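Work through the exercises below with the sequence and the model side by side. Each task is followed by its solution.

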Amino acid sequence: WLPSIRDFLGRTHSTLDLEWEYVTPIQRMGDIHLMDRAREIFDDKTLQLINACRLFLGVTLLSDIANADGRHIPDHFFDGKSSPYHRHKGLFPYQDNPGRNAWSK
C-alpha cells in the first residue's frame with residue numbers, strides 16, 4: 001500500500017508531512033540500524049534484496065540478529081530461516097521469503 005500512496009502523491013504533485021518520525025532505538029552499545037549500514041556499502045538493487053531479507057526476518061537492528069555479546073550472527077539468519085524468536089506478529093510489513101538468490105547476496 002505504501003507504493004500506491006507514493007505514486008498517488010507523485011501524480012497529484014502532493015506531499016505528505018508527518019508530525020513525527022519513529023526511529024527504533026538502539027538496544028545496546030555498538031548497535032546499528034542494519035539498513036543504515038547497508039546503504040553505506042551496497043548498490044540499490046542489492047539493498048532491495050537485503051531489505052526483503054530483513055523484513056522477512058522481522059529485524060531492524062544488529063542486536064536483533066546477533067548473539068548476546070554481539071560478536072556472532074547465527075547461521076540460520078544467512079540461510080533464510082527465521083528464528084523462533086522473530087516471528088511476524090503483525091507489527092512489521094509482511095514479506096514472503098525472498099528466495100535463494102536474495103540470501104546468497
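The exercises cover confidence, an aromatic pair and salt bridges.

This is a predicted model, in which local features need pLDDT of at least 70, side-chain atom pairs count only at pLDDT 80 or more, and totals for chains, interfaces and linings use all residues. Residues are numbered from 1 along each chain as its sequence is written, and side-chain values use heavy atoms, with hydrogens and water left out.

**Exercise 1.** State where confidence in the protein chain is lowest and where it is highest.

Solution. Start with pLDDT, the predictor's confidence in each residue, from 0 to 100. The chain averages 85, and 88% of the residues score at least 70. Helix 4 (residues 100-104) has the lowest mean, 83, and helix 2 the highest, 95; helices are DSSP runs of H or I, at least four residues, numbered from the N terminus.

**Exercise 2.** Classify the aromatic pair formed by phenylalanine 56 and tryptophan 103.

Solution. Rings of Phe, Tyr and Trp (its six-membered ring) pair if their centres lie within 6.5 Å; planes under 30 degrees apart are stacked, over 60 edge-to-face, the rest tilted. Here the centres are 6.0 Å apart and the planes at 75 degrees, hence edge-to-face. Phenylalanine 56 lies in helix 3 (residues 44-57) and tryptophan 103 in helix 4, so the pair ties together parts 47 residues apart in sequence.

**Exercise 3.** Find the salt bridge partners of arginine 39 and glutamate 40.

Solution. The criterion is a side-chain nitrogen of Lys or Arg within 4 Å of a carboxyl oxygen of Asp or Glu. Arginine 39 pairs with aspartate 36 at 3.3 Å, and glutamate 40 with arginine 37 at 2.7 Å.

Key
Helices (H or I, at least four residues) and strands (E, at least two) are DSSP runs, numbered from the N terminus.
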